[in-house]
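Student: I have just opened this one and would like to go through it with you. Can we start with how the chains meet?

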Number of protein chains: 2
Amino acid sequence: MQKPSIPRGTRDFGPLQMAKRNYIFNTIRGVYERYGFAQLETPTMENLSVLTGKYGDEGDQLLFKVLNSGDFLSKSKAEDFESGSKTILPKIAEKGLRYDLTVPFARYVVMHRNDITFPFKRYQIQPVWRADRPQKGRYREFYQCDADVVGTDSLICESEIIAMINEVFTALRLPDFTIKLNNRKILVGITEVIGAEGKEGDFCMAIDKLDKIGLDKVNEELIQKGFSAKSIELLKPIFEFDGTISEKLTFLKDYFSESETGLKGVAETEEILNYLSAYKLENDHLELDLTLARGLSYYTGTIFEVKANGVQIGSITGGGRYDNLTGVFGLKDVSGVGISFGVDRIYDVLEELELYPESTATQVQVMIVNFGQTMTTQGIQLMQSLRNEGIRTEIYPDEAKMKKQMSYANNLNIPFVVMIGEDEIAAGNYTLKNMIDGEQAAYKIDDLISKIKNSR
Amino acid sequence: MQKPSIPRGTRDFGPLQMAKRNYIFNTIRGVYERYGFAQLETPTMENLSVLTGKYGDEGDQLLFKVLNSGDFLSKSKAEDFESGSKTILPKIAEKGLRYDLTVPFARYVVMHRNDITFPFKRYQIQPVWRADRPQKGRYREFYQCDADVVGTDSLICESEIIAMINEVFTALRLPDFTIKLNNRKILVGITEVIGAEGKEGDFCMAIDKLDKIGLDKVNEELIQKGFSAKSIELLKPIFEFDGTISEKLTFLKDYFSESETGLKGVAETEEILNYLSAYKLENDHLELDLTLARGLSYYTGTIFEVKANGVQIGSITGGGRYDNLTGVFGLKDVSGVGISFGVDRIYDVLEELELYPESTATQVQVMIVNFGQTMTTQGIQLMQSLRNEGIRTEIYPDEAKMKKQMSYANNLNIPFVVMIGEDEIAAGNYTLKNMIDGEQAAYKIDDLISKIKNSR
């Protein structure tokens, strides 16, 4: 008999992990909904014609492909097999697994453009799959939690997203995090100032690695990509200037005296900060990071990333503004701004900092001890009374030894156990045992209910 | 430019559909949790070694298989290709998509048997995939909502499940439904009485079709399968006897005078009904249907199915007791009982009977009209005050024409719109427009909040 296993890079989530994950999902969902985003779900499988070519060559490699049903070889010939995997692939597989939530969202917007009222604010919480090499913190199946507004250029949307980030991490009680902010127009402006116009792609690719490889290596890469020594020299102040957000903006206005695009980026940032001041956040956690680039090429305006300070982990949230979400599907001028919370990393951060509320460790609140047939009816009646009060209750199903029943309650972290004896029934009493402090006393039903409810 | 599409048999769920689906999911989830079930999630992809052979030959055909990553042909030779799909399959695909929630649950129990405290009560709400021919009401991706208790023979679990079914459909306000109950031991007893011992497989297969093909065709099939004319004669009273549950049980006690197994089935049913009476359900919706068989071969005790009366649709919920969940993975004697709610059919039933609460049609509760820059700060401040009260609020992001903003609110069924004019700011007032009755009045902020809250 073969021992069963699960595919590499995938995970089972048992009850305790699910409770913690739901705590994160529900927090994010609650904020998204309070901010007026509505939920969308798209199929797990998408046609490969929709997915292929949207994530670069590497992405195409990492797509999971689903074999056609039935006799999947029926459309392919021996020479397709001889030419290898790439040739035969389109003849045996037409579908792939969702790789991110952005492309399916773009596909949805295009297919439903006549029914959607724009601006369209949608959120989506679903798993995605990537055939990456699994390693610590990197899985082949993981959840994304995205929210996007499309169909408007209003920078209020950017301020809304920053406020949402604040609300989510404040609700999750993360003590120290930084929302790094930048703008692709600022990055374009920098390439203009340093005489490397049109090279913002290479520029972003290089400085995106700053944290990982350091400034010297970044400069080496830039020179390799054809940036002049003078460019590197002119770039220095960008890496060196330190100060508050408003000091940085003042510095940039001077630096960009010759770059209209750069000044546009500064003006956008100022407008967003202006909106944001109306939110009256206790601490906005904001930092203007002029070296923040984000890899994805489709961003065109504000970009942001969140760092959990004091934890060795990459960014836990990211997003930005794009000008052309749906162009690849033939629908032009749909711009928007989006955010993606990295739930798996957030999970690890909360775990490391021990930030989960105690209540996530318990599911069932009350277990009723099973003393066998004659008492079962009483037990079920009490159980239903508690459930009708919204209390998660169960009766131990078997008339097992007391020790076994108690150890079940202990293992499941059930905080209360109720015992019903014959004498007690006669007196209308129930014995409630607090499994945490071991205290035990008899109560009438109403007192029992309030005792349990007040402990939550 | 190719028009994007989604794979046959799959669906996008837009905001309104999601709200309705979440209403069903949350109702079921709430009941499961109140009854002490804890959530489990398993990976979308399982190893084909886990899935294959568990669902019969037809099931193996209907599994979606995922191509191995990278050069998937590397392990296969030309002769594999020549021999066809079945030969090459195991060399190019090792993973498949989840086909139901039962096999992954069994796999989980076996893999984690040393960490699990039994009895183990888990629920699982996840999509499954089947390469069935799509048709009305049958999809290639659909959700299952399962709950199972394993590791106990206690019949309290059966009564718990019947009570859960009652709670779910009562909460969903389904006016008329029937929980059909039977027991595989009763069916075995019948084959013993009619002299067809050991043929309960064929017997169940045949009578499972009673609703579809009628009694004559069922008898024809039985005769084809080698049942004698005398058997068919002895079977008659089972189809003909009509009466209350207790009348049927009395009849069966007589019918089973020679069948120990049959009498065991009757005794189990009586015990379950006895527990159930302690739940004091207003209406238990129960019917003992001696012809209920359920196709799946692994059931060994009580079986049940739910029918929505007055709607042309198959069973909307089903389940039963099995003796050997995990034997196929080498772990013996794990018995249990489970239930599966068919969300897609329940969705259709609620749609047809118009049973969705009005609140599922609205997401955002308040839209604040955007009168442009000078008023934006005021708008954002008000918006945050409402959100802090838990009210789902948004500001229209652009300074668009009033008509456009109002039509946005209308299209999204937003019940309230707030307008902030300069005069009103001076007086500390906000104009609230009720989009349903058109009424419009000015309020101080506290009155505004209670007006909105009380409308929910």
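Student: Which residue forms a salt bridge with B:Glu160?
Tutor: Keeping in mind that this is a predicted model, the partner of B:Glu160 is A:Arg387, and the closest N and O atoms of the two are 2.6 Å apart.

Student: And how many salt bridges does the rule find across the interface of chain B and chain A?
Tutor: The rule finds 6 salt bridges across that interface, and it also finds 34 residue pairs in polar contact there, counting pairs in which both residues are at pLDDT 80 or more.

Student: Which helix gives the largest share of the side of chain B that touches chain A?
Tutor: That is helix α16 of chain B, residues 373-388, which supplies 8 residues. Sorted by class, the side of chain B that touches chain A has 50 nonpolar, 31 polar and 24 charged residues.

Student: What area is buried between the two chains?
Tutor: About 8800 Å² is buried between chain B and chain A, with carbon and sulfur atoms giving 61% of that area. The contact draws on 105 residues from chain B and 106 residues from chain A.

Student: New topic: what turn lays chain B on chain A?
Tutor: A turn of 180°, with a shift of 0.0 Å along the axis, lays chain B on chain A with an RMSD of 0.1 Å. The two copies are therefore related as by a two-fold rotation axis.

Student: Which residue of chain B comes closest to the rotation axis?
Tutor: That is B:Val66, whose C-alpha lies 2.2 Å from the axis.

Student: Why do we say that the copies meet through the same surface?
Tutor: Because 100% of the interface residues of chain B are also interface residues in chain A.

Key: Residues numbered from 1 in each chain as written. Chains lettered and ligands numbered in written order. Predicted model: local features only at pLDDT ≥ 70, side-chain atom pairs only at ≥ 80, totals over all residues. Heavy atoms only, no water. Contact = heavy atoms within 4.5 Å. Buried area = accessible area lost by both parts, 1.4 Å probe. Salt bridge = Lys/Arg side-chain N within 4 Å of Asp/Glu carboxyl O. Polar contact = N/O pair within 3.5 Å; in protein donor to acceptor, adjacent residues only side chain to side chain. Helix = DSSP H or I, 4+ residues; strand = E, 2+ residues; numbered from the N terminus. Nonpolar A, V, L, I, M, F, W, Y, C, P; charged D, E, K, R; others polar. Least-squares fit on C-alpha atoms with pLDDT ≥ 70 in both.
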